[in-house]
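Student: I have a model open and want to learn how to read its pocket and its interface. Where do we start?

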Amino acid sequence: MLGTTAQGVFWMFRYLERSENMARLIEAGHRIAMTRTSTTRNDEWASVLATAGSFKAYSRAHGPVEDTLAVDYLLRDINNRSSVLSMMGSARHNARIVRTALTREVWEATNEAWLAINAALASPVTDRDLPDLLELIRTQSALVQGMLHGTMVRNEVYDFARLGTFIERADNTARILDVKYWVLVPSGNDVESRDDAEVLGAAPARARGFDDDQAIQWESILRSVSALGPYRRVHPGPITPAGIVEMLILNRRMPRSLAFSFAKVTDNLSYLVESHGQSQPSHKLATELSESLEGRNLESLFDEGVHDFVAGVITSTAELAGQIETDFRFQR
Amino acid sequence: MSPETAVARAASTTNSNQNTASNIEEAGSSLAPATFDEMFAGPGLARPAYAQYLEWFLREEPARLADKAARAEELFRRIGITFNVYDDSAATERLIPFDIVPRLLARDTWAKLSRGIEQRVRAVNSFVADVYGEQEILRAGVVPTDLVLNNEAYLPQMQGLQPPGSIFTHITGVDLVCTGPDEFYVLEDNVRTPSGVSYMLENRETMMQMFPELFSSIRVQPVTDFPHFLRRSLAASAPEGSADRDGWPTIAVLTPGTFNSAYYEHSFLADQMGVELVESRDLQVVDGHLSMRTISGHRPIDVLYRRVDDDFLDPLAFRPDSQLGVAGLMEVYRAGRLTVANAPGTGIADDKALYSYMPEIIEFYTGEPALLNNVTTYRGSEADDLAFMLDHLDELVVKEVHGSGGYGMLVGPASSRAELQRFRHKLMANPGAYIAQPTLALSTVPVLAESGLAPRHVDLRPYVLLSPEGIHITPGGLTRVALTEGSLVVNSSQGGGTKDTWVLE
């Protein structure tokens, strides 16, 4: 397998996952915004922009956050490289580069996703059409994943597709926690002031339920990562910080948790090691990351400080992605 | 009444089924009366090869056929078989229009035609091998030495180089036109990097998916095994002793990249052959071998099916500014550790200035007269010919010697007085850059137009594979069709479409 093919597959699936995550994030934002007054609504969109890593770029382009503009920026702005439209273009561009490595089904699903999403985003999306549109994006992404699952030989190409998917997913879940951690705190409302004391770890807050507004926010977030139903089954009673942390960080059965994502990354790197017969630094990094979550209990995580931990994960994920790129000769 | 109208009327009266006269367009009156229609021999009378098809066609609901045509476009868009249009930044990816009426060739017609193709392709390869070898044909004075050695398409870097089996033209796409029953002319021998074979294959795939019943009743020779033959042919052309541990040579397809107009085809062929698709950035010379960078290190390549032009192959040997090639590739090639398909420098054989010598070239190498017709060609470089060209500009097709894709070309009979005048000045300013040919009465095959069947001009490009093991000619090839009524230009970049081509068993 060519290094550039590995790179193309890896990024194709990162972009695909990222655009799906963007749809999920907008969906959560939209739900939360609906429960708000017109002024606090824009705060919610600021937090969505921050999670997407697009807050600064948005501010440069448009100034103060305004809901319609923010949604359009995140969905349709081709000058925004992180908009769904741009990312679907990037995913499809990478798919074209690695066309020979994909089954016809995976390629066609990707091409069709691109065609459908392009058509749907050809004109501004009204509030009324937003839920359907977000659903379309998630469905198209699922079709590609489904074709991958159902038609691809479990070879190196598959491994890189999975690596791209789960590196991206881990990064996304960590970012949601990174931005939203302040919601767990009774006071504090400023998205930008992340350097507050680590309040999450304060024992009284940990087991206590949230107030109504916080509960709505967390419900929306859990829903957006398809975790609300499972949460209710695993944690009867009100939503608590401890429950959230368990669900999104430590739960090994939740397909969008950090523990799950890093286990997948480690597995796929192990398969690559098997077929190459030599261990790579990226494998070691991933194993360490995975193990740091495996042996972890809630207490020790809160003692360390959830926010610091999550910030560390974001950095490690970026390092790991860079190491994969080097180990497998993505570039000359 | 034009012949086509007659056909339309007759077709509708001889068949009492759902089809009406509106199904067959009352058009085509602008065509020369001498035009040979491949489907109809006369009013309402299908030629034998088409009898069964036409019977089926006339039984079909026009609405269903229109649906199928729309469905075909949808299929092509979904698989992404698009091409990039030059000078068109707004829509960089377009579909080549596909017509659902197939072009049929009778078994005997094809048998005769393929004998002529084989003779021509073998002669062209011998010519290239000779030019870069002993140059017997130049010493014999059959072709002017100056025309060959001072030709832009001649590569001095290739002199004295003999690739495995003396095969230079591994893949040829011969452009043919039909002018009458079993009467074919060769317009061009494309021996550089002929394209379009993916359309031939996808057209067949689409037809089989949409009209399976036709393939059950009409026996059509298969083309879908082309990638298999291509791979076999390339493998047979590998340098000696280059098989890897699996016992097979390593083959790769070199593409300029995703922005190239034929990128779809490059990836399609690599995929169908099961070989790597590589770009410049994947390649470098390692330990004397052309190698590709894989996730576990460098892997040597034995055969490079390159879809990059000669000039860009190696910045050390050709254009130093090339970003599409590999530094040192030619050195590896000269050392006999790589097969490049087609060989660099083959363009000397499909140069338009040399075209007129093809009958002599064929006779020189095969000892037999050419089986396929060559079009009479006037050379702007020769005074008598130039005078004739200037006198008969309105009757001739004038082409740039180094042009391609239908650009920079004048179709005399279809041009306005002002256009003729402008071209006259261009011709006089640089006569050596042009050749001229009489306009041929190109055959027509009907397409499905909005109002029904309508005759349109077509050409044919069969693909031919040559290796030390032998020759393989695809039964049929790619039929290109000028979709504009009366137009003779079939190039996809200028509004041409394609048809599936059926050679009958």
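Student: Which elements supply at least two residues each to the lining of the second largest pocket?

Tutor: This is a predicted model. Start with the elements behind the wall. Here α8 (156-180) of chain A and α10 (263-273) of chain B each supply at least two lining residues.

Student: How much space lies in that second largest pocket?

Tutor: About 520 Å³. The lining has 27 residues. Closest to the centre are M1(A), T100(A), G274(B), V275(B) and E276(B).

Student: How do the lining residues divide by character?

Tutor: Sort them by class. The lining of the second largest pocket has 13 nonpolar, 7 polar and 7 charged residues.

Student: Now the interface. How many residues of each chain are in contact?

Tutor: Count both sides. Chain B brings 27 residues, and chain A brings 28. Then take the area: the two chains bury about 2500 Å² between them, 48% of it on carbon and sulfur atoms. R78(B), R293(B) and I295(B) supply 32% of the area that chain B buries against chain A, more than any other three residues.

Student: What polar links cross the interface of chain B and chain A?

Tutor: Look for pairs. The rule finds 18 residue pairs in polar contact and 4 salt bridges. In one salt bridge, the side chains of R78(B) and E108(A) meet at 3.1 Å, N to O.

Student: Which element gives the most to the side of chain B that touches chain A?

Tutor: α10(B), with 5 residues. That side of chain B divides into 10 nonpolar, 8 polar and 9 charged residues.

Definitions and conventions. Residues numbered from 1 in each chain as written. Chains lettered and ligands numbered in written order. Predicted model: local features only at pLDDT ≥ 70, side-chain atom pairs only at ≥ 80, totals over all residues. Heavy atoms only, no water. 1 Å grid on protein atoms, 1.4 Å probe; cavity = no way out; pocket = protein on both sides within 12 Å on 5 of 7 lines; lining within 4 Å. Points joined across faces, edges and corners; volume = space filled by probe spheres on them. Helix = DSSP H or I, 4+ residues; strand = E, 2+ residues; numbered from the N terminus. Nonpolar A, V, L, I, M, F, W, Y, C, P; charged D, E, K, R; others polar. Contact = heavy atoms within 4.5 Å. Buried area = accessible area lost by both parts, 1.4 Å probe. Polar contact = N/O pair within 3.5 Å; in protein donor to acceptor, adjacent residues only side chain to side chain.
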